[in-house]
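Trainee: I've got a two-chain model open and I'd like to learn how to read it. Can you walk me through it?

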Amino acid sequence: MIGTAFLIVIGLAFMFMALARRQAFGVADGNLAQLHSRPGYHGLYAFLIAALAGSATLMVVTIGGNIAINAALMSQIADALPDALRIERQLVLSDAIALAEGRLSSQDDALRQAVAVRFTQLEGMRVWGALGLGLIVASLTGGQALRSVSLGFRARNRSEQILRGILAACAVIAVLTTIGIVLSLIFETLSFFDKIGWRVDKYLFGTRWSPLSGVSAGQMDPDRVGAVPLFAGTFLITIIAMLVAVPIGLFAAIYLSDFASKRVRAIAKPMLEILAGVPTVVYGFFAAITVAPFIRRTGESIGLDVASESALAAGVVMGIMIIPFISSLSDDVINAVPQSLRDGSYGLGATKAETIRQVVLPAALPGIVSAVLLGISRAVGETMIVVMAAGQGANLTLNPLEAVTTVTVQIVMLITGDTEASTAAGPAFTLGFTLFCITLALNIYALRTVRKYREMYD
Amino acid sequence: MTNMRMAEQAARHQDNKIEARDVHVYYGANEAIKGVDVDILDKTVTAFIGPSGCGKSTFLRCLNRMNDTIDGCRITGQILMDGDDIYARSVDPVQLRAKVGMVFQKPNPFPKSIYDNVAYGPRIHGLVSNKADLDEVVEKSLRRAAIWDEAKDRLNEPGTGLSGGQQQRLCIARAIATAPEVLLMDEPCSALDPIATAQIEELIDELRSSFSVVIVTHSMQQAARVSQKTAFFHLGEVMEYDDTPKIFTNPENPKTQDYITGRYG
């Protein structure tokens, strides 16, 4: 209903746009150069102020009406059930709304019926009131815009100002969302630390992770929330992944940019980018079903004891997943190194290898570093592959042939497990916050490195 | 000054450093150079002049096989350096380029320190065995390129931080540090102001004592100032090749006359 009302208001604004544009043509009387602003801007200005004022009114009336209706219905219910608890009254209200909208309710008594009838009346008033007020305000502002159309009216400056405001509002929304997410992470983390009696040291340096087994009376056992095995597992898998991805990705990029013929490049580069488009869940079961058993069999045939879920399998597959990020970004930055530098080096009698190693790679280094750090961020935050292929038990080891678990796996286990959300959320949010801090530090470090080299190389 | 140079040149017996015979260059199906014969004399500055697109840069790049790095470029004919065919199968272009240095139109210092820029060639060719020798080569090259005074206190700063003229002199220092026998310069002053241009021209004159210099230029005055021999290129052919004073005072080909007097090109 509100959506339709909104569309109607926008439609009215479009009408004012057409009117204002026509009026501007009329005022100009054939000589458009007389106008300060082109007729399109007069139209845009009329549209913007009518649409903005109309939809703002619509929104205020809708939200305000909602609050007012709830208050009115709650007081009606309170009159009928003076002894009931607040939560019971709310149940009555939601039942009544369900009845009014033709859905199923838990009970169906006279009070609920009466509230439902009242709700239908008030709701109708709210929607029609909102639409009516919205249209009135839109017409008033649109009419104001129509009246102000004249030769000297600065419609372009005004509409550009309004558009700038809209752009700024979008930027503010993005920033506020980020701040909101970080704040909620921080609050949940603090409440988790409260539950373990502020033994933050136990969380940061403890080696035993089994948070849900020590829950009693809302408190957690600080001895069972040691996150070290998780971060060690994440660290181990990330290192394995980067050991696979950095050399292969970088060498592939060098081959593509400096050695491959145009035809090979035209085929190979899109192929590599397809690798980036494979969903991580596919990599996950590839790791669990194909790679892990292969590693296990190979290990056994040379007499090694390999777990069926191993850090090696997850790390190698994650590395394969990251190859296209590194190769594609590095290829771009290597290509961006000017040909004149290569010519300069060849002109001094340098070979291709010398040129690439001593001139091209140093010049491309900032980009390569940021590609690698982006790859690390991906590896640290990657979930699906490790959930399927790395294991769930918090096992503190640096042996890549054993099963390890990572921060992301534990978050998945906590949130999807059957423990009550409020209990499981604490450790999950804390792990998330820690992960966030790590990737943030990594990104800041990456930016600084890049800036440092950029000063040197530009 | 030109008269003096002429006399000096006539008095000295000079060998041909490079002999080009019937050189054709094709980019795909397009013939950029159509049968060029030019002799580059040792310890002489040779200027290539001519309108844009006439093939002078392309021909210059044939002399150190820089065209090899371009896809679809084909060269026929013969180019001899000290009597040996530089396009012979046994010749490694990498070794050739160590003997035939090149300075480009736009200064292109490497993203390294000034010191490392100059030390680049000596290092990759193993011309020096220890740090002290390398220091000496770097200082000598920078001095010869007339940039030592400006650069000596900032050898460890990036070469890209220098001004345009300084960068170009750094690139010349880099090229002469490899101790080439021929130095090719492709419009080395086109990106520079008159002061930097004058410094580089002075430098070219000085370099003539050690190697032969081939310079491509759009500036007739520059060709007249720095060169002893001049070749006029037009549409992929050499119209006229002679002593510089003769080209600029009494050209035989009417097209040369038109070009140097600015009526054409």
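Mentor: We'll take the interface, then the pocket, then a salt bridge. This is a predicted model, where local features need pLDDT of at least 70, side-chain atom pairs count only at pLDDT 80 or more, and totals for chains, interfaces and linings use all residues. Residues are numbered from 1 along each chain as its sequence is written, chains are lettered from A and ligands numbered from 1 in the order in which they are written, and side-chain values use heavy atoms, with hydrogens and water left out.

Trainee: How many residues does the contact take from chain B and from chain A?

Mentor: With contact meaning heavy atoms within 4.5 Å, chain B gives 24 residues and chain A gives 20 residues. Buried area is the accessible area (1.4 Å probe) that two parts lose on being put together, summed over both. Here chain B and chain A bury about 1,800 Å², 62% of it on carbon and sulfur atoms. On the chain B side, P111(B), Y120(B) and I124(B) lose the most area to chain A, together 31% of what that side buries.

Trainee: How many salt bridges are there across the interface of chain B and chain A?

Mentor: A salt bridge puts a side-chain nitrogen of Lys or Arg within 4 Å of a carboxyl oxygen of Asp or Glu. By that rule, zero cross this interface, while the count over all chains is 29. One of them joins R126(A) to E123(A), with the closest N and O atoms 2.7 Å apart.

Trainee: Where do R126(A) and E123(A) lie?

Mentor: Both are in helix α4 (residues 110-148) of chain A, three residues apart, about one turn of the helix. Helices here are DSSP runs (H or I, at least four residues), numbered from the N terminus.

Trainee: And how do I read the pocket?

Mentor: Rolling a probe the size of a water molecule over the atoms shows where empty space is left. On a 1 Å grid over the protein atoms alone, a pocket is an open set of points where a 1.4 Å probe fits, with protein on both sides within 12 Å along at least five of seven lines; lining residues have an atom within 4 Å of a point. The largest pocket holds about 590 Å³ of space, and of its 21 lining residues, the closest to its centre are S257(A), D258(A), K352(A), T69(B) and D71(B).

How values were computed. Grid points are joined across faces, edges and corners, and a volume is the space filled by probe spheres set on the points. Helices (H or I, at least four residues) and strands (E, at least two) are DSSP runs, numbered from the N terminus.
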